[in-house]
Amino acid sequence: MKEKFAIKFMLAGLCLAAAAALLTGARPAPASAGEPALVVYHTNDVHGYAFHEKDQDGQPRHWGYDYLKALVDGDEARNKLLIDAGDVLQGQPFATARKGELAARVLSMMNYDAFAAGNHDFDYGWRRLTELRDAYRLNFLAANVKKREGGERLLAPYILRDLAELKVGVFGLSTPATTTSTDPRHVAGLDFGSPREIIEIARETVKYMKEIEKTDIIIAVTHIGSEAYCDPSSRTLAREAPGIDLIIDGHSHSELKDGLRVGKTLIASAGSHLTNVGRVEARRASDGWSLSAKLMPAAETSNIRPNPEMSAAMNALKTELEREMSAVVARSPIDLIGDRTAVRYRSTNLGRLTAAALVKGTGAEAALVNSGSIRDSLPRGDITKGMLLTVMPYDNYVFVVEMTGEDLLAALNHGLSQPGAGAFPQFYGLTVTARKTTRKLADGTPVDSFVAEEVKIGGQALVGKAKYKIAITDFLYAGGDDYTWFAKRPYSEFGTLEDLFRTFLTDSDAQTIKAVDAAEVLTISP
């Protein structure tokens, strides 16, 4: 284990972070029989869905922070925590329009105890994250994120809460994939550790909390994900870092209805977008703790009156943006599919239109974008500035590079090998026939994968030594999602991804858009 992650560093430096966060005072009487010793409310991957919303049938779809505050404040449990597992500052226009500031203002009123630092919480740069943390007193935690120069941790590694007859330790972990799943320039100078180092950091933190801080219960708030493509995953963390009682997890948007048990650890995750709020109860047991988890869907808000002060404050903030965000900037004759359950697994019409917009706007022979740059779908009809900002929130610029067919094929296969991940490619100007295969993750878990067998560009077979002009985003050029085939090449710079897409929609007639919709650019063979 490297010296930079040694336990003696924790003893010397981490105690200061803990002391700053420790709540002390006289302890009330212990919980009565049957009452949980601790209740933990949790959220994750909210992505700016801050407001209570209903679907077309009038059924509640998103909780809204004013309803969540009423729920938590109304719970009479002696010991309560409110925890978020990251990706809370980016997403919907409410979060994105002012680089996280409006979201941070709301979060400060919610009195969250702790946040994991999600990869998208770094989307405005790590200095902006620490600026919002300090301005609004938000406890973002990450035991594994440090500055390369000097080795100091960027964020507090953990906090302690001294509650009624209970001392709770909460530590945070961020996915090492942050270095490529946000713009790499936004985390330049930071080290997130390798998957193995992160597991070791967790082990050391657990040991420190148990032996030095004498905590009764240990919670990890993590933005690492529980699915097979996550490395490390929260399942791996629970298995290889024993002693964690509860993991509140985010990143993979997983809905764990009753939680997931791995050994003596319970993993809890509430999905995304405040469609659910998670609730965990912890009771003392003869062999440690008995924990139970449940998800409370947004439908339960029908029986809750929102916190009036919170509602008033949020509506005032919302009004600040409404006029700007409601301006109609484009129109689509069809529904455009960009939901992550589709766009990260196959070619979708929104993916093709986005890439087609880059081809048209730059004159490139083809275009490739990572599916992670497309964040939502667009309904047919008018498209507002706010809707477009939701779908394309990153302000990415478009570059055109000249590259060989060999390198283009390698880049395509890199993305095709990762269905479900943000690296999965959306493209236009290319037609690809791929076959389904499998690959193994670092822990040996087999996952689905695709590999290109035939690639055509402009209707002609791709030639390995030939050179082609390809439109990409600056995110990919910088090595985002581990696309390493573009950097250091000369490039021509165009407008933003959002600008080129909007211009394409406004300049194209319905027939053109429907032709792109009907195009078959990716065929998967068994």
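Biologist: Hello! Let me start on the inside: which residues line the largest cavity?

Modeller: Ser-373, Met-392, Pro-393, Tyr-394, Asp-395, Asn-396, Leu-497 and Glu-498 form the lining of the largest cavity. Keep in mind that this is a predicted model. As for the general idea, empty space shows up when a probe the size of a water molecule is rolled over the atoms.

Biologist: What is the volume of the largest cavity?

Modeller: The volume of the largest cavity is about 50 Å³. Its lining splits by class into four nonpolar, two polar and two charged residues.

Biologist: And how many cavities of 30 Å³ or more does the structure hold?

Modeller: There is one cavity of 30 Å³ or more.

Biologist: Let's turn to pockets. What is the volume of the largest pocket, and which residues are closest to its centre?

Modeller: The same probe idea helps here: rolling a water-sized probe over the atoms shows where space is left empty. In this model the largest pocket has a volume of about 1300 Å³. It is lined by 43 residues, and those closest to its centre are Tyr-49, Glu-53, Gln-92, Asp-376 and Thr-390.

Biologist: Which helices and strands each supply at least two residues of that lining?

Modeller: Two strands do, β2 (53-54) and β3 (60-62), together with the helices α3 (93-96), α9 (308-325), α10 (340-343) and α12 (385-391). Sorted by class, the lining of the largest pocket holds 13 nonpolar, 18 polar and 12 charged residues.

Biologist: How does the second largest pocket look: what is its volume, and what lies nearest its centre?

Modeller: The second largest pocket encloses about 820 Å³. Of its 41 lining residues, Ala-177, Thr-180, Ser-181, His-251 and Asp-481 lie nearest the centre. Helix α6 (residues 178-181) gives the largest share of this lining, three residues. By class, the lining of the second largest pocket has 11 nonpolar, 19 polar and 11 charged residues.

Biologist: You mentioned His-251. Where is His-251 in the fold, and what is its phi?

Modeller: Look in the loop between β12 (246-250) and β13 (260-262) for His-251. Its phi is positive, about 100°, although His-251 is not a glycine. His-251 counts as buried because its relative accessibility is 16%, and the cut-off for buried is under 20%.

Biologist: Which other residue has a positive phi although it is not a glycine?

Modeller: One of them is Asp-87, with a phi of about 60°. Asp-87 sits in the loop between β4 and α3. With a relative accessible area of 2%, Asp-87 is buried too.

Biologist: Now for helix packing. How do I read the crossing of α4 and α5?

Modeller: When two helices pack, they are described by the angle between their axes and the distance between the axes. Here the axes of α4 (residues 101-110) and α5 (residues 126-136) come within 10 Å and cross at roughly 35°. The crossing of this pair is right-handed. On the α4 side, Glu-101, Ala-104, Arg-105 and Ser-108 make the contact, and on the α5 side Arg-128, Leu-132 and Tyr-136 do. Three of these contact residues are nonpolar, one is polar and three are charged.

Biologist: Which residues of α4 are buried, and what do they pack against?

Modeller: Leu-102, Ala-103, Ala-104, Val-106, Leu-107 and Met-110 are buried in α4. Their packing partners are α2 (65-74), β4 (80-84), α3, β5 (114-116), α5 and α9. Just after α4 comes Asn-111, which has a positive phi near 60°.

Biologist: Two loop residues to finish. Is Ser-272 buried or exposed?

Modeller: Ser-272 counts as buried because its relative accessibility is 14%. You will find Ser-272 in the loop between β14 (265-268) and β15 (276-285). Apart from neighbours within four places in sequence, Ser-272 is in contact with Asn-44, Asp-45 and His-253.

Biologist: And why does Gly-464 count as partly exposed?

Modeller: Gly-464 counts as partly exposed because its relative accessibility is 28%. Gly-464 belongs to the loop between β24 (460-461) and β25 (467-473). Setting aside neighbours within four places in sequence, its contacts are Thr-404, Gly-405 and Glu-406.

Biologist: Which peptide bond is cis?

Modeller: The bond joining Asp-231 and Pro-232 is cis, with omega about 0°. Pro-232 lies in the loop between β11 (217-223) and α8 (234-240).

Notes
Residues numbered from 1 in each chain as written. Predicted model: local features only at pLDDT ≥ 70, side-chain atom pairs only at ≥ 80, totals over all residues. Heavy atoms only, no water. Axes fitted to C-alpha atoms, helices over the stretch in contact; angles between N-to-C directions. Helix = DSSP H or I, 4+ residues; strand = E, 2+ residues; numbered from the N terminus. Left-handed = near helix turned anticlockwise from the far one by under 90°. Contact = heavy atoms within 4.5 Å. Nonpolar A, V, L, I, M, F, W, Y, C, P; charged D, E, K, R; others polar. 1 Å grid on protein atoms, 1.4 Å probe; cavity = no way out; pocket = protein on both sides within 12 Å on 5 of 7 lines; lining within 4 Å. Points joined across faces, edges and corners; volume = space filled by probe spheres on them. Buried < 20%, exposed > 50% of the residue type's maximum accessible area, 1.4 Å probe, protein only.
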